[in-house]
Structure formats: C-alpha cells, structure tokens
Amino acid sequence: MTLPLPDPMLPMRFRVVERFDEQPGVASLALVPVEDAMPLFRPGQFNMLYAFGIGEAAISISGDPHEHGWMVHTIREVGAVSRALARIHPGGMLGLRGPFGAHWPLRRQSGRHLLFVAGGLGLAPLRPAILQALREKTRYASLTLVCGARAPEQMLYRDEVDGWARQPGMDVLRIVDHANAGWTGRVGVVTTLLGAALGPHDPESVSAFVCGPEIMMRFTARDLAIAGVPGGRIWLSLERNMKCAIGRCGRCQWGPDFLCRDGPVLPYDRVARRLAIKEL
Ligand SMILES: Cc1cc2nc3c(=O)[nH]c(=O)nc-3n(C[C@H](O)[C@H](O)[C@H](O)COP(=O)(O)OP(=O)(O)OC[C@H]3O[C@@H](n4cnc5c(N)ncnc54)[C@H](O)[C@@H]3O)c2cc1C
Ligand code: FES
C-alpha cells in the first residue's frame, strides 16, 4: 500500500525552538515539525512560511542540509508577514509548506573551483550550499566566498563567516559599502573583489553561485562572464512574489519561467537577456 503524498498547499505546523537576532530587523528561526516528519531539502530551496491569520511568504532555507533536527530560516522584516514571522519567539508556532524550487547544483561541480558571491541577506540562501561544500571539500578544487554588505554591522552570520575564513581550503573576501571606525577591510561593491576571487584560477574551471539584490547579481554575473566564467556555470537565485509555490497560479511568472518551479536558482545563460530588461 502506498501512502498518499502530503498536499503541497497544506501548511504543516512547526514550532520555533530557537530565535536569534542577527541584526536589527533580521532574525533566524530554528523550527521543528509538530506532527509531521522533518522534510528534507537541497541547498537553494525555499519554504512558504505562514504567520497564522496574517499570510504566507517565500523564505529560503538557510540551515545545514545535514542537520535533520531542525529547519533554519533567516527573515528580514519588510512587511506584515515577514514582521510577524521574524518576531515569533521560542514556543510559538507557524505553518510551513515546502521545500520548493530548484537547488544550487553543487554536486555537479566536482573538481571545479567554487565561488560563492553574496550580497546582504543573499548569504542566507547560500549558507546551506557553503556548509555542504565545506563538508565535501575534497570534491572541489577550491572554495571562495565573496561577501558584501552595506555596513560592517550588517554582515550576516559574522562569527560563522569568521570560522569559515579560518578553515583550510576556504578563502573569504569581505567588503562593505560604508565602513565604520573598526572596519579594516575593503570598501566598495562586491564586483571589485571578483578579480581577486578568480585570482589564479582558470575562469573556465570556475562555478559561481550568486545571491543578493538583483542589481548586484546582474553586475556580478556580467563581470564573471566577461572574465571568462561560462554563463552556464554561473547560477543566480531570483526573487519574485509567490503565492502557490507549485507552478499553478502564475504569480511568479518571469518570461517563460515560473520562478517557484523552474527557479529560484537559474543559470545566467538562461536569464541574462531578461535581467537586462527593466522592471520585468
Ligand atoms: C524564493 C524566495 C526566497 C526568499 N527568501 C527570503 C529569505 O530567506 N528571507 C527573507 O527575509 N525574505 C526572503 N524572500 C523575500 C520574501 O518572500 C518577501 O520579502 C515577502 O514579500 C515578504 O512578505 P511581507 O508580507 O512581509 O512583505 P510585503 O508586503 O510583500 O512587502 C512589503 C514591502 O517590502 C518590499 N519588499 C518585499 N520584498 C522585499 C525584499 N526582498 N527586499 C526589499 N524589499 C522588499 C515590497 O516591495 C513592499 O513594499 C524570498 C523570496 C523568494 C521569492
Ligand atoms: S507562485 Fe504560483 S506559479 Fe509560482
């Protein structure tokens, strides 16, 4: 006898077991299912989180894919739903549907140089891929993370990124738009670090995973392609408002793609022309 598949439109109840203020207006929540089994996910996928009585929002999974005890999400308060979700304290409940969407195709990059480029909260959807890559370091030629933020205090997961920087085989380059008195690193936009990040590597053998504000992804992907990284080896995670998250309602349609189903992770060679069209 086969068990019926769970209804992808029906939220499961999850309890917040830990909450961490990452920075003002940004919190990470660790969640455990109340009745259901913990769903497995692949780095880059997202869940629809439901603040009871308020509404749902798409939120990337930002925890370790090998940690099956809880599911982690990092949420920035921008509107009613995200504000309600980010303020749920341990013991509180929310609804969760997922995981949905395409993942970062990490495992298909064996032997290549992996370059992660994150802008601001874009580090959240990349974090599961970075944790997986660190765990499987010997599969890859090298690992580099380029990390940008508006200001030093807005660098996400600061202590953890410091820990990654100390790991052998992982290079971390950081940059901020606006420095403060204690900042001794670089000032500017992430694209200014791409030359150093590509460094000695043959660009043909680099696979890049980029996530951040759309303008940052557009310029980063463009500069990587100009430097010789193949367009089919640069992946971006694209955001559009979502409703059903299962490719039915059309809310997230972007050209020929439904971003909930065909994305959010898509290769640059497929999206480059669309990215250049304003307000598509
Ligand atoms: C695949 C996917 C993954 C996502 N992952 C995350 C995540 O990990 N963490 C997270 O916090 N959010 C994430 N988002 C964004 C989140 O789903 C939206 O911000 C959502 O609209 C929040 O709902 P809301 O009701 O709180 O705000 P809304 O009422 O929808 O928006 C309020 C205001 O904020 C603006 N706004 C909406 N989204 C953003 C944004 N991303 N940046 C700046 N301004 C915005 C809107 O234009 C509007 O003016 C993701 C979205 C997608 C599609
Ligand atoms: S959100 Fe409904 S089709 Fe993508």
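By shell I mean the residues that have a heavy atom within 4 Å of the ligand, and strands and helices are DSSP runs numbered from the N terminus. I keep in mind throughout that this is a predicted model.

**Entry 1: the shell around ligand 1.** I first looked up which residues surround ligand 1 and found 19 of them, the closest being Ala58, Ser60, Thr74, Arg76 and Ser82. Sorting the shell by residue class, I noted 11 nonpolar residues, five polar ones and three charged ones.

**Entry 2: where the shell comes from.** I checked the site next, and ligand 1 sits in the largest pocket. Two or more shell residues come from each of strand 4 (55–60), strand 5 (71–76) and helix 1 (80–86). Of the elements, strand 4 gives the largest share, with four residues. I then turned to the domains, and found that domain 1 (12–100) and domain 2 (106–275) each supply at least three residues to the shell.

**Entry 3: polar contacts and cover.** I went through the N and O atoms of the ligand, with 3.5 Å as the cut-off for a polar contact. One nitrogen atom of ligand 1 is 3.0 Å from a polar backbone atom of Ser60, and for Thr74 I found a polar backbone atom at 2.8 Å from a nitrogen atom of the ligand. With Ser82 the side chain is involved, since an N or O atom there lies 2.5 Å from an oxygen atom of ligand 1. I then looked up the cover: on its own ligand 1 has 900 Å² of accessible area, and the protein covers 65% of this.

**Entry 4: backbone geometry.** Leaving the ligand, I looked for cis peptide bonds and wrote down the one from Gly98 to Pro99, where omega is near 0 degrees; Pro99 belongs to strand 6, which covers residues 93–100. I also recorded a cis bond from Gly263 to Pro264, with omega near 5 degrees, and placed Pro264 in the loop that links strand 14 (257–258) to strand 15 (265–267). Last, I noted Tyr157, a residue other than glycine whose phi is positive, near 50 degrees, and which lies in the loop between strand 8 (142–149) and helix 3 (158–166).

Note on methods. Residues numbered from 1 in each chain as written. Chains lettered and ligands numbered in written order. Predicted model: local features only at pLDDT ≥ 70, side-chain atom pairs only at ≥ 80, totals over all residues. Heavy atoms only, no water. Polar contact = N/O pair within 3.5 Å; in protein donor to acceptor, adjacent residues only side chain to side chain. Areas by Shrake-Rupley, 256 points an atom, 1.4 Å probe, with all protein chains shown as cover. 1 Å grid on protein atoms, 1.4 Å probe; cavity = no way out; pocket = protein on both sides within 12 Å on 5 of 7 lines; lining within 4 Å. Sits in = over half its atoms within 2 Å of the grid points. Nonpolar A, V, L, I, M, F, W, Y, C, P; charged D, E, K, R; others polar. Domains from an automatic or database assignment.
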